[in-house]
Structures are given as C-alpha cells and as structure tokens.
Amino acid sequence: MSIEIRNVGKRFGDFQALRDVSLDIASGELLALLGPSGCGKTTLLRIIAGLETADAGSILFAGEDTTGVHVRDRNVGFVFQHYALFRHMTVFENVAFGLRVKPRGQRPGEAQIRKKVHDLLKLVQLDWLADRFPSQLSGGQRQRIALARALAVEPKVLLLDEPFGALDAKVRKELRRWLRQLHDELHVTSIFVTHDQEEALEVADRVVLMNAGRIEQVGSPQEVWDHPASPFVYGFLGDVNLFHGRAHEGLVHLEGLQLASPEHADAQNAKAYAYVRPHDLDLQRPLAGRAGRPGGMVARLSRAVVVGPIARLELIALGGNQEPGDNTDSIIEAQIPAQQFSEMGFSEGETLVVTPRRARVFVEDAA
C-alpha cells in the first residue's frame with residue numbers, strides 16, 4: 001500500500017519536532033528514516049501509525065486520508081525496539097494475540113489461528129520455540145517473535161522503531177540480513193527508524209535523511225552516499241574530514257593545495273567547506289629538496305591502527321586548515337590498505353603530505 005505524507009508538522013510545547021514534512025512511499029517499498037536523536041524520525045513514524053496526531057498536514061494510505069482514522073483501524077503492524085512481548089504468554093500465544101482480539105466477525109477459527117501462527121513462526125525460523133516464554137529467548141529471537149506477531153494480522157504497512165537497537169553488533173548484522181530477505185518474500189510496505197547509517201544503507205530500498213524536523217535528502221543508499229545533498233548528510237553518513245578554505249572562480253584554496261570545483265565557478269572568494277572521506281586521502285613523504293609548498297597538506301602521523309586489511313591513521317595538521325575563529329579539530333583521519341601501509345613503512349611521529357583524491361565542496365552563501 002502506498003503512503004503519502006503531506007506537509008506534516010508537529011510541536012511538543014516549545015519544541016518543533018516536524019516542520020512541513022512531505023514524502024511519498026511506494027507500495028511494497030522498504031524505507032529507512034535515518035537521522036540523529038531528536039530529528040523527528042520516530043515522531044513521524046508514530047503519526048503514520050496513528051499513535052500521535054499531527055498539528056498540521058495529512059497522511060494518506062492508498063490515496064485515502066487517514067487523519068481521522070483510529071490506530072486500530074489503520075491495519076498497521078508496529079515493532080518496537082524493546083520487543084513489547086507479553087512475558088506471561090508463550091511464544092505461540094504472543095503471536096496469536098492479535099488474531100484472538102479481533103472483532104468476532106473478523107476473528108479466524110482456532111484451527112486457522114494455529115495454522116497461521118505456525119506458518120509465521122516457520123517464516124521467522126523459530127517454530128521450534130512455540131512453547132517457550134520470552135524470558136527463555138535471546139534478544140534476537142525475541143525481536144523475530146515481535147515481528148511475527150506484527151505480521152499475524154496481515155498489516156498493509158509495517159512500522160519498525162529502532163528494531164535492532166537493543167541488540168549487540170553481531171546479532172544486529174544477522175537480523176538486518178534476515179529482515180531484508182523477509183521483506184523480499186512478503187513485499188509489505190515497510191518503514192523503519194534507525195540512527196545507524198550502516199543499517200539504513202544495507203537494508204533499505206530508499207533512505208530518508210532527517211535533521212531538526214526536516215527532510216534533508218531522499219534517495220537510494222548509493223545516491224545518498226555518492227551525492228550527499230548537504231553538509232549535514234555528508235557528515236552524518238560515515239567518517240569524513242572537514243577542511244576549511246576559500247572558493248574563487250572554480251577553485252577551492254585549502255592549506256597547501258587547491259582543488260578544482262567547477263560547480264562553484266561563480267564563487268568570489270567565498271567561504272568553502274571541503275568534505276573528504278578517509279579512504280579518499282593520498283599519503284606520501286615530502287620530496288627531498290623541494291622548495292616551498294609540497295603540493296599537499298603537511299601533517300604528522302600521530303597514531304596508526306592496523307585491523308585486518310585496513311590501516312586507520314590519525315594525523316595532526318601542521319599548517320592548519322582553519323579559518324580565523326573556527327574551532328575545528330585539526331586531526332585528519334585516513335584509511336589505506338594495510339599492505340600499502342606496510343610497504344610504505346610509515347611510522348608514528350613521521351611528517352607526511354596529505355592530498356585529497358576526491359572532495360565534495362560546499363560554499364557558504366553570502367549574507
């Protein structure tokens with residue numbers, strides 16, 4: 001079922017949680033709402049579910065306005081971070097609960113309920129735990145039971161609020177893969193909230209980046225990663241280095257080097273911000289005997305951590321890349337293959353020249 005979100009606003013006292021949010025979600029899509037704490041993603045999810053009421057705007061399910069429709073009549077399945085299973089009920093009874101509390105005219109017979117529950121438990125690969133209680137399950141198993149319970153009533157929309165947030169990293173990764181496979185089988189329109197960038201990029205068909213109650217960018221995982229629409233998106237998606245400089249007629253001047261930036265050809269000595277991923281930095285030793293600037297940023301290698309195939313390096317900029325008054329950390333993070341690190345023989349305390357291979361430049365609009 002498709003969902004249309006139109007100009008939704010929500011305020012809690014003096015706090016503006018959502019600001020004129022509009023979004024279209026296609027039928028059968030798996031969409032991630034991604035952003036930091038307090039950005040409005042959970043509030044938006046609860047408004048879609050009918051658990052909160054918007055101050056302004058509307059939510060349409062398959063073209064029909066649901067603004068006045070009670071949560072029990074929206075046919076929405078909801079999965080919370082902390083499972084919300086009934087501790088006094090077995091796994092079987094937890095999954096059957098939604099079917100048993102349906103109005104008498106819509107309630108399946110007992111034989112149908114038993115078949116439905118066993119089919120769902122088999123779908124989430126936990127049919128062998130039907131007689132256990134939640135306290136006897138691991139966190140990952142409980143979350144899969146919570147998902148089976150949400151699916152039991154055959155919802156048109158499945159909403160998941162930080163579904164794996166309470167689990168350890170290894171279990172989260174396994175459940176992410178499992179959720180994607182399950183969605184590909186069922187094709188239920190699904191929206192999940194997360195602050196985990198890797199989770200959103202790995203699982204979702206599309207990612208909605210939210211910040212301060214607004215949508216910053218919507219796109220496929222590859223689109224938002226390769227083409228961040230704003231400094232916030234670039235900084236939020238993965239590790240990044242921020243360099244300050246000036247943009248002038250298609251060139252960005254940073255400490256020790258300049259970068260071509262043809263998209264800012266009209267800039268006239270404007271304040272600029274260059275974002276560079278750690279793996280997009282090239283490291284070399286200064287050329288002996290070269291006079292003047294070495295053609296890159298000069299930095300001292302302060303720390304090197306080699307884990308598996310990657311060497312993660314921390315460098316301290318010696319020339320500084322800050323504008324007067326900026327309080328920017330001077331540490332530069334770089335990543336190179338561990339084999340290259342070994343072959344180059346870099347050592348902590350050594351002075352190196354750092355050059356971006358690729359950068360995304362944003363120019364500050366003149367006041």
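Student: In what order do the five strands of the open sheet run?
Tutor: In this predicted model, the order is S15-S19-S16-S17-S18, and the strands pair in the antiparallel sense.

Student: Which strands stand at the edges, and why is one side of each left without a neighbour?
Tutor: The edges are strand S15 (281-284) and strand S18 (331-337); each has a single partner strand, so one side of each has no neighbour in the sheet.

Student: By how many degrees are neighbouring strands turned against each other?
Tutor: The average is 45 degrees, with direction ignored.

Student: How many bridges link S17 and S18?
Tutor: Strand S17, residues 310-317, pairs with S18 over seven bridges, in the antiparallel sense. Within that pairing, Leu315 has Ile332 of S18 as its bridge partner.

Student: Changing topic to helix H4: what span should its 14 residues have?
Tutor: At 1.5 Å a residue, helix H4 (residues 139-152) should span 20 Å, and its end C-alpha atoms are indeed 20 Å apart, so the two values agree.

Student: Is H4 largely enclosed or exposed?
Tutor: Twelve of its 14 residues are buried, so H4 is largely enclosed by the rest of the structure. Among the buried residues are Gln141, Arg144, Ile145, Leu147, Arg149 and Leu151.

Student: What covers those buried residues of H4?
Tutor: The cover includes three helices, H2 (91-100), H3 (110-123) and H5 (169-186), together with strands S6 (76-79) and S7 (157-161).

Student: And which residue just after H4 takes a positive phi?
Tutor: That residue is Glu154, with a phi of about 55 degrees.

Technical notes. Residues numbered from 1 in each chain as written. Predicted model: local features only at pLDDT ≥ 70, side-chain atom pairs only at ≥ 80, totals over all residues. Heavy atoms only, no water. Pairing = 2+ DSSP bridges. Helix = DSSP H or I, 4+ residues; strand = E, 2+ residues; numbered from the N terminus. Axes fitted to C-alpha atoms, helices over the stretch in contact; angles between N-to-C directions. Expected span 1.5 Å × (residues − 1). Buried < 20%, exposed > 50% of the residue type's maximum accessible area, 1.4 Å probe, protein only. Contact = heavy atoms within 4.5 Å.
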